[in-house]
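Reader: Please set out how the elements of this protein model are arranged, and support each reply with its computed values.

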Amino acid sequence: MTTYFSPHDLTLPIAEEALLDIPTHQKLSLQSGATHQPRILLLYGSLRERSYSRLLTEEAARILTRLGAETRIFDPHGLPMPDSVPADHPKVAELRSLSNWSEGQVWCSPERHGTLTGVFKSQIDWLPLEMGSVRPTQGRTLAVMQVSGGSQSFNAVNALRVLGRWMRMVTIPNQSSVAKAFEEFDESGRMKPSPYYDRVVDVMEELMKFTLLVRDRSDYLTDRYSERKGVAAEVSRLAHHAMAQEAETAGS
């Protein structure tokens, strides 16, 4: 039996009504949107000379460029282990700058011991949730991919999805997992025609669509009641402090 909930009292005694945001089509509509090419950063997770995660990332970048994106691939060679050097290290600064530049990202890791590689995780660990007032990943779209040396698996992409959620990114539904990757690329490093290649095209098309939908609405989509409440409380505290100082000055 279906129970229909139709409350008579719509007040929220716990939530502060004035800070609630009731989403509407008008709030999500755009008066004018960005006209530049979607900016996509691609990360991969292997330092091998013939890295299949890099080759798959490069193939994804070719597809994205053909679809109209501006792409940049970060080279993880020379990136120190997290917290082993100050954050102004050139490779760390480069990675953070690229993340801030991006409107969407592609993450590709080999599967190693049932999960993503340390090389890939180090890149994410160098991206804090917040740098001053700038959030390097929040609200950006994300596509995840993996390569495997054996049969098809989804352990790495599942781990990447957990990371994407933690980094407050809009992770698209589709994903790519390439099994026996050593069989899927020719000697020049290009991906051979196959259902795996078709899936990569699917994923990049979807990423582009989601990026165009999200990028101009990112600030609104990631605006949170709890954060507005915190800001309001801080403003109120500062106002009371200023009033107290004025009263103390007047009294003296």
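The exchange below treats the domains, the strands, the cores, the aromatic rings and some single residues.

Author: This is a predicted model, in which local features need pLDDT of at least 70 and side-chain atom pairs count only at pLDDT 80 or more, while totals for chains, interfaces and linings use all residues. Residues are numbered from 1 along each chain as its sequence is written, and side-chain values use heavy atoms, with hydrogens and water left out.

Reader: What distance separates the centres of domain 1 and domain 2?

Author: The protein chain is divided into domain 1 (36–215) and domain 2 (224–251); such bounds come from an automatic or database domain assignment. Taken over C-alpha atoms, the separation of the two centres is 43 Å.

Reader: How many residues of strand 3 are buried?

Author: Strands (E, at least two residues) and helices (H or I, at least four) are DSSP runs, numbered from the N terminus. Buried means under 20% relative accessible area, exposed over 50%, and partly exposed in between, with a 1.4 Å probe and protein chains only. On one side of strand 3, Gly 104, Val 106, Cys 108 and Pro 110 are buried, and on the other side Gln 105, Trp 107 and Ser 109 are buried as well. The count of buried residues in strand 3 is therefore seven of seven, by the under 20% limit.

Reader: How many bridges join strand 3 to strand 4?

Author: Two strands pair if DSSP finds at least two bridges between them. Strand 3 pairs with strand 1 in the parallel sense over five bridges, and Trp 107 is the bridge partner of Leu 43. Towards strand 4, Val 106 stands opposite Ala 143 and Cys 108 opposite Met 145. Strand 3 and strand 4 run parallel, and the number of bridges joining them is seven.

Reader: Which residue in strand 6 is the bridge partner of Val 147?

Author: Strand 4 pairs in the parallel sense with strand 5 (residues 170–171) over two bridges, where Thr 141 stands opposite Val 170. Strand 4 also pairs with strand 6, again in the parallel sense, over three bridges. In strand 6, the partner of Val 147 is Val 178.

Reader: Why is strand 4 described as largely enclosed by the rest of the structure?

Author: Thr 141, Ala 143, Met 145 and Val 147 point one way from strand 4, Leu 142, Val 144 and Gln 146 point the other way, and all are buried. Strand 4 is largely enclosed because the number of its residues that are buried is seven of seven.

Reader: Which element gives the largest share of the largest nonpolar core?

Author: A nonpolar core is a set of buried Ala, Val, Leu, Ile, Met, Phe, Trp, Tyr and Cys residues joined through side-chain atoms within 4.5 Å. The largest one has 25 residues, and those with the most contacts inside it are Leu 56, Leu 64, Val 106, Met 145, Val 200 and Met 204. Two or more residues each come from strand 1 (39–44), helix 2 (52–66), strand 3 (104–110), strand 4 (141–147) and helix 6 (195–214). The largest share, seven residues, comes from helix 2.

Reader: How many residues does the other core have, apart from this one?

Author: In the largest core, Leu 64 is one of the residues with the most contacts. Not counting residues up to four places away in sequence, Leu 64 touches several residues (contact means heavy atoms within 4.5 Å), including Ile 40, Val 106 and Met 204. Another core lies apart from it, with Leu 79, Leu 98, Leu 127 and Leu 163 among its members, and its size is 21 residues.

Reader: How many residues apart in sequence are the parts tied together by the pair of Tyr 52 and Phe 185?

Author: The structure holds two aromatic pairs. Rings of Phe, Tyr and Trp (its six-membered ring) pair if their centres lie within 6.5 Å; planes under 30 degrees apart count as stacked, over 60 as edge-to-face and the rest as tilted. The rings of Tyr 52 and Phe 185 have centres 5.9 Å apart and planes at 35°, so this pair is tilted. Because Tyr 52 lies in helix 2 and Phe 185 in the loop between strand 6 (176–178) and helix 6, the parts tied together are apart in sequence by 133 residues.

Reader: Is Gly 149 buried or exposed?

Author: Gly 149 lies in the loop between strand 4 and helix 5 (155–166). Not counting residues up to four places away in sequence, Gly 149 touches Lys 180 and Phe 182. With a relative accessible area of 57%, Gly 149 is exposed.
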